[in-house]
Amino acid sequence: MRISRALRRPLQLALDFALPPRCAGCGAITSAVGLFCPECWPQLDFMGGGCRRCGLPLEATAADTCGACLADSGALDRIRAAVAYGEQARSLVLRLKYGRKTALARTMAGYMQRPLAELHPDALLVPVPLHRSRLWSRGFNQAQLIAAALTRLSGRPNDPFVLQRTKSTPKLKGMSASERRRAVQGAFTLRPGQIVKGRHLVLVDDVYTTGSTADACARILKRKGAASVELLAWARVVAPARIV
Ligand SMILES: [Zn+2]
Ligand SMILES: [Zn+2]
């Protein structure tokens, strides 16, 4: 029987969730869904403590906020991530996005629950949207899958229709911070009918790099009256010099 093109994609997504639990790093069978095996686990660099606002490790001289945040805090009130962006963390991101291993969204969300607990308790989860053209070519928004998995695990509500990406932005890889900021300027708008005035929001994304994309989202949400905008990512680049 020929499965129509329109059906094949959701069917594959459903099958991914039905496979036996395997290590998200190497594929070895594990005891429960979304766990890493004892060999892969130490290869992840879990984040914790650090700067009150951005979560990055603090210099010995800093009290609770890093120098960069004191100098220019941007539009995001707080930034948290489960792990630092290293080989293993990157492998998950690439396999989710390009290898279509959608079950990995559940794995990421599992490890994002601890940093989520540090953010506003009544916040609505808002996945960073993709532009329509990229959504069509990929078939799904990885940030939306992660946010939906977080909702299933934590019971926190999510709404993928708060923001829309109206401008298709070029790949930010290799751009300087100011080039990135310019590239995403005006790329996001609030969807018609959405009201964020007085609300607490947590943006959800797979990777936080320089923060230009999340900052552009936060700016528009703040302009529309959001009480707070925080960001939660699976992984974040810790040393901007090592941006990939
Ligand atoms: Zn493993
Ligand atoms: Zn900081």
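A residue is called buried when its relative accessible area is under 20%, exposed when that area is over 50%, and partly exposed in between, with a 1.4 Å probe and protein chains only. The structure used in these exercises is a predicted model, in which local features need pLDDT of at least 70 and side-chain atom pairs count only at pLDDT 80 or more, while totals for chains, interfaces and linings use all residues. Residues are numbered from 1 along each chain as its sequence is written, chains are lettered from A and ligands numbered from 1 in the order in which they are written, and side-chain values use heavy atoms, with hydrogens and water left out.

**Exercise 1. Decide whether Cys69 is buried or exposed, and describe the site of the zinc ion (ligand 2).**

Step 1. Cys69 has a relative accessible area of 8%, and therefore counts as buried. Cys66 is buried too, because its relative accessibility is 11%.

Step 2. Donors are N, O and S atoms within 2.8 Å of the metal (3.2 Å for Na, K and Ca), and since water is not among the atoms, sites may look incomplete. For the zinc ion (ligand 2) the protein donors are the SG atoms of Cys51, Cys54, Cys66 and Cys69, which lie 2.3 to 2.4 Å from the ion.

Step 3. Four donors count as tetrahedral if all angles lie between 85 and 135 degrees. The angles among the four donor atoms of the zinc ion (ligand 2) are 105 to 115°, and the site is tetrahedral. As a reference, the ideal angle for four tetrahedral donors is 109.5 degrees.

Step 4. Along the chain, these donors follow the spacing C-x2-C-x11-C-x2-C.

**Exercise 2. Describe the site of the zinc ion (ligand 1) in the same steps.**

Step 1. The protein donors here are Cys23, Cys26, Cys37 and Cys40, each through SG, at 2.3 to 2.4 Å from the zinc ion (ligand 1).

Step 2. The four donor atoms make angles of 106 to 113°, and this site is tetrahedral.

Step 3. In sequence, the donor residues are spaced C-x2-C-x10-C-x2-C. One of the donors, Cys23, is buried, because its relative accessible area is 4%.

**Exercise 3. Work out the order of the strands in the open sheet of four strands, and state which strands stand at its edges.**

Step 1. Strands (E, at least two residues) and helices (H or I, at least four residues) are DSSP runs, numbered from the N terminus, and two strands pair if DSSP finds at least two bridges between them.

Step 2. Strand E1 (residues 78-84) is joined to E6 by six bridges and runs parallel to it, with Ala81 opposite Ala233 in E6. Strand E5 (residues 200-208) pairs with E6 in the parallel sense over eight bridges; the bridge partner of Leu201 is Val229 in E6, and that of Tyr208 is Arg236 in E6.

Step 3. E2 and E5 pair in the parallel sense over four bridges, where Val126 has Leu203 in E5 as its bridge partner and Pro127 stands opposite Val204 in E5.

Step 4. Put together, the pairings give the order E1-E6-E5-E2. E1 and strand E2 (124-127) stand at the edges, because each has a single partner strand, so one side of each is left without a neighbour in the sheet. The twist averages 25° from one strand to the next.

**Exercise 4. Explain why strand E6 is largely enclosed, and find what surrounds the sheet.**

Step 1. Nine of the nine residues of strand E6 (residues 228-236) are buried, so the strand is largely enclosed by the rest of the structure. Trp234, which is found in strand E6, is buried because its relative accessible area is 0%.

Step 2. Eight of the nine residues of E5 are buried, so E5 is also largely enclosed by the rest of the structure.

Step 3. Angles run from 0 to 180 degrees between N-to-C directions, and axes are lines fitted to C-alpha atoms, for helices over the stretch in contact, where contact means heavy atoms within 4.5 Å. Helix H3 (residues 87-97) lies across E1, E5 and E6, running at about 100° to E6. Helix H4 (residues 104-116) packs on the sheet, touching E1, E2, E5 and E6, and its direction makes about 135° with that of E6.

Conventions. Four donors count as tetrahedral if all angles lie between 85 and 135 degrees; four count as square planar and six as octahedral if opposite donors are over 155 degrees apart and all others between 65 and 115; anything else is irregular.
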